[in-house]
Amino acid sequence: RKILGNGMIEEAAKIIARSRFLIAFTGAGISAESGIPTFRGRNGLWKRHRPEELATPEAFARNPKLVWEFYRWRMKIISKAKPNKAHLVLAELERMGILKAVITQNVDDLHREAGNKNIIELHGNIFRVKCIRCDYRENLKESGRLEKFLEDEDLPKCPKCGSLLRPDVVWFGEALPESALSKAFSLARRADVCLVVGTSGQVFPAAYIPYIVKDNGGYVIEINPSQSGITPIADIFIRGKAGEVMDELLK
Ligand code: BJW
Ligand code: ZN
């Protein structure tokens, strides 16, 4: 494995430029420079709660007010956030025809805002809500109700049946959306290069994606300021912040 510092990324750039089927696998770290807190690590805590304590169906059943307080807090931060250089470079790589898909664990919608078209969201989207009882779903950005929703402090109720609404995201112990997961796995089998950006690689089954690429003979390039669960299988590990490193990738 090659460990490269910031500013030594010509080799990664060459591999990317010569790839036939490049995919990107992203996590919370790619949005850190947009001001969105990550889950794990020093700044990854919310009021001393760990994600494993809040992002579960049990937590929601026990204390929906606390869980909604957490999600509304994040929705406010995310709705003000803008894509950073790393998102924009991925959009440019797609426009150039090099990048075939972004597989993301993020719920923040920033890949779409940056202009990517082929996006697989493995853990849902924070701007969508769904009823815990009936089939009601709503995208608050599209319905134009986001602002009002965020001002409200009461528990949100389903307009169809009156039950509780919940965020349309994937919590621990819940299955990932089947079609997103199977698309992601089949893209990973086809990929000859996987660019892994800003994930701790600790949450499964998402973290299998780079392993599948590797098992099928593909190349894994990782960008992260710290080593992750993926680093042991990375062919190239570029230590640095996503925005700063990826800015050099297209130069
Ligand atoms: C920068 C940077 C900068 C900083 N630039 N980088 C196999 C083994 C062990 C356990 C399991 C297993 N399979 C399943 C499990 C259980 C569990 C799991 O994985 N547990 C582990 C924690 C041990 N998995 C599940 O429960 C999953 N479901 C499941 O398996 O269902 C089975 C089932 C089948 C059929 C029926 C029923 C059930 C579901 C997992 C759902 C995860 N959900 C969350 C919340 C989403 C909603 C929300 O946003 O609130 O997803 S948890 C959270 O973690 C979120 C993230 O997408 C996910 C991954 O985190 P990520 O993105 O890696 O962020 P961080 O914070 O961990 O890391 C940030 C990284 O960025 C760091 O490395 C930094 O260094 C770096 N960074 N600044 C670049 N500027
Ligand atoms: Zn309902």
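Here are legends for several close-up views of this predicted model.

**View 1. The two domains side by side.** The chain splits into domain 1 (1-36 + 83-123 + 176-251) and domain 2 (38-80 + 125-169). Taken over C-alpha atoms, the centres of domain 1 and domain 2 sit 26 Å apart. Where the two meet, eleven residues of domain 1 are in contact with nine residues of domain 2. On the domain 1 side of that meeting place, the residues are a mix of four nonpolar, four polar and three charged.

**View 2. Ligand 1 and the residues around it.** Ligand 1 has 36 residues around it, and G27, G29, Q105, G198 and S200 come nearest. As for character, the shell around ligand 1 is made up of 17 nonpolar, 15 polar and four charged residues. Where does ligand 1 lie with respect to domain 1 and domain 2? Both domains give residues to its shell, so ligand 1 lies between them.

**View 3. Four cysteines at one spot.** Here we zoom in on C131, C134, C158 and C161, which the unreviewed UniProt entry annotates as "binding site". These four span 31 residues in sequence, yet no two of their C-alpha atoms are more than 8.5 Å apart, so they gather at one spot. Take C131 to begin with: you'll find C131 in strand β5 (residues 124-131). C131 counts as buried because it has 21 C-beta neighbours inside 10 Å. Looking past residues up to four places away in sequence, C131 touches Y136, C158, K160, C161, S163 and L165.

Now for C158, which belongs to the loop between α8 (146-151) and β7 (165-169). Is C158 buried or exposed? C158 is buried, since 20 other C-beta atoms lie within 10 Å. Setting aside neighbours within four places in sequence, C158 is in contact with C131, R133, C134, Y136, S163 and L165.

**View 4. H123 and its surroundings.** The unreviewed UniProt entry gives H123 the feature "active site". H123 itself is part of the loop between β4 (119-121) and β5. Although it is in a loop, H123 is buried, with 20 other C-beta atoms within 10 Å. Which residues are in contact with H123, leaving aside its neighbours within four places in sequence? They are Q105, V107, V169 and V170.

**View 5. Inside the nonpolar cores.** In soluble globular proteins, nonpolar side chains tend to be buried together. In this model, the largest nonpolar core has 46 residues, of which I23, A24, I103, C194 and L195 touch the most other members. Follow I23 outwards and, not counting residues up to four places away in sequence, you reach K100, A101, I103, L187, A188, A191 and C194. Apart from this core lies another one, of 21 residues, including A28, F39, M75 and I126.

**View 6. Helix α5 under cover.** How many of the eleven residues of helix α5 (residues 85-95) are buried? Eight are, so the helix is mostly covered. The buried ones are K85, A86, H87, L88, V89, L90, L93 and E94. Among the elements covering these buried residues are the strands β2 (22-26), β3 (99-104) and β8 (193-197). The helices α6 (110-114) and α11 (242-249) also help to cover them. After α5 comes G97, whose phi is positive, near 85°.

How values were computed. Residues are numbered from 1 along each chain as its sequence is written. Chains are lettered from A and ligands numbered from 1 in the order in which they are written. This is a predicted model: local features need pLDDT of at least 70, side-chain atom pairs count only at pLDDT 80 or more; totals for chains, interfaces and linings use all residues. A nonpolar core is a set of buried Ala, Val, Leu, Ile, Met, Phe, Trp, Tyr and Cys residues joined through C-beta atoms within 7 Å. A residue is buried if 20 or more other C-beta atoms lie within 10 Å of its own, exposed if 12 or fewer, and partly exposed in between; C-beta atoms are placed from the backbone. Two residues are in contact if their C-beta atoms, placed from the backbone, lie within 7 Å. UniProt positions are given in the numbering used here, feature names are shortened, and annotations may be inferred rather than shown by experiment. Helices (H or I, at least four residues) and strands (E, at least two) are DSSP runs, numbered from the N terminus. Domain bounds come from an automatic or database domain assignment. Ala, Val, Leu, Ile, Met, Phe, Trp, Tyr, Cys and Pro count as nonpolar, Asp, Glu, Lys and Arg as charged, and the others, Gly among them, as polar. A residue is near a molecule or strand if its C-beta atom, placed from the backbone, lies within 6 Å of it.
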